[in-house]
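This report describes a protein chain for a reader who has not met it before. The sequence and the structure are shown below, and the sections that follow take up the strands, the helices, the core and several loop residues in turn.

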Amino acid sequence: MQAEAKRKARIRRHRRVRRRIRGTAERPRLAVFRSNRHIYAQLIDDRQARTLAAASDLGATEEGKTRRATQVGKAIAERARAIGVERVVLDRGGWLYHGRVKALADGAREGGLHI
């Protein structure tokens, strides 16, 4: 029961955040999804409803989930720069800006993205 309440609270937070955040081709939305084992990131142009680039830690060699999240941030930044994107807006997916979500954002900044 408690897990269901936590999930519903995260979805409520995500909807609240998404009301204000929109991704464009010039400044796409960096959407973060975090599962118990993995972390995923996508660059999304909401105007055309298109995913421009994606990265995940599924093939990561780094130990520790936080370190892998940093790697994913650097990978998404590299893919963004390859398609000419330098600025993004962060969609944290209803999770707190803490831990793995923060590590992914910091990795993206290290990779050259402006959030």
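## Strand pairing

In this predicted model, strands β1 and β4 pair in the parallel sense, over three bridges. Within that pairing, Arg-29 stands opposite Val-89 of β4. The pairing of β1 with β2 is antiparallel and comprises six bridges. Here Arg-34 stands opposite Ile-39 of β2, and a hairpin of four residues leads from β1 to β2.

Strands β2 and β3 are also antiparallel, and six bridges join them. Asp-45 has Arg-50 of β3 as its bridge partner. A hairpin connects β2 and β3, with four residues between the strands.

## The turn at Ala-49

Ala-49 belongs to the loop between β2 and β3. Most residues other than glycine have a negative phi. Ala-49, which is not a glycine, has instead a positive phi, near 55°.

Is Ala-49 buried or exposed? Its relative accessibility is 68%, and because the cut-off for an exposed residue is over 50%, Ala-49 counts as exposed.

## Confidence

The mean pLDDT of the protein chain is 93, and 100% of its residues reach 70 or more. Confidence is highest in helix α3, at a mean of 97, and lowest in helix α1 (residues 2–18), at a mean of 92.

## Helix α2

Helix α2 (65–82) contains 18 residues and spans 26 Å from its first C-alpha to its last, close to the 26 Å expected at 1.5 Å a residue. Its buried residues are Arg-68, Ala-69, Thr-70, Val-72, Gly-73, Ile-76, Ala-77 and Ala-80. An α-helix has 3.6 residues a turn, so residues three or four places apart point the same way.

The elements that cover the buried residues of α2 include β1, β2, β3 (50–56) and α3. Just after the helix, Gly-84 takes a positive phi of about 90°.

## Helix α3

Helix α3 runs over residues 100–110, and its buried residues are Arg-100, Val-101, Ala-103, Leu-104, Ala-105, Gly-107 and Ala-108. Among the elements that cover them are β1 (29–34), β2 (39–45), α2 and β4 (89–91).

Gly-112 follows α3 and has a positive phi, near 110°. In sequence, Gly-112 is 19 residues from Gly-93; in space, the two are 22 Å apart, C-alpha to C-alpha.

## The nonpolar core

In soluble globular proteins, nonpolar side chains tend to be buried together. The largest nonpolar core of this model has 22 residues, of which Leu-30, Leu-43, Ile-76 and Leu-104 touch the most other members. Two or more residues of this core come from each of β1, β2, β3, α2 and α3.

Which residues does Leu-104 touch, not counting residues up to four places away in sequence? They are Leu-30, Val-32, Ile-39, Ala-41, Ala-69, Thr-70, Val-72 and Gly-73. Of these, Ala-69, Thr-70, Val-72 and Gly-73 also appear among the buried residues of α2.

## Asp-57 and its contacts

Asp-57 is found in the loop between β3 and α2. With a relative accessibility of 3%, Asp-57 counts as buried, because the cut-off is under 20%.

Which side chain does the side chain of Asp-57 meet in a polar contact? The partner is the side chain of His-38, at 3.0 Å. The Asp-57 side chain also reaches the backbone nitrogen of Ile-39, at 3.2 Å. With neighbours within four places in sequence left aside, the contacts of Asp-57 are Arg-37, His-38, Ile-39, Arg-68 and Val-72. Two of these contacts, Arg-68 and Val-72, are buried residues of α2.

## Gly-93

Gly-93 lies in the loop that separates β4 from α3. Its relative accessibility is 1%, so Gly-93 counts as buried under the 20% cut-off. Residues up to four places away in sequence aside, Gly-93 touches Arg-10, His-14 and Val-32. Val-32 is also one of the residues that Leu-104 touches.

Definitions and conventions: Residues are numbered from 1 along each chain as its sequence is written. This is a predicted model: local features need pLDDT of at least 70, side-chain atom pairs count only at pLDDT 80 or more; totals for chains, interfaces and linings use all residues. Side-chain values use heavy atoms; hydrogens and water are left out. Buried means under 20% relative accessible area, exposed over 50%, partly exposed in between (1.4 Å probe, protein chains only). Contact means heavy atoms within 4.5 Å. pLDDT is the predictor's confidence in each residue, from 0 to 100. The expected span of a helix is 1.5 Å times one less than its number of residues. A polar contact is a pair of N or O atoms within 3.5 Å; within protein, one must be able to donate a hydrogen and the other to accept it, and residues adjacent in sequence count only if both atoms are side-chain atoms. A nonpolar core is a set of buried Ala, Val, Leu, Ile, Met, Phe, Trp, Tyr and Cys residues joined through side-chain atoms within 4.5 Å. Two strands pair if DSSP finds at least two bridges between them.
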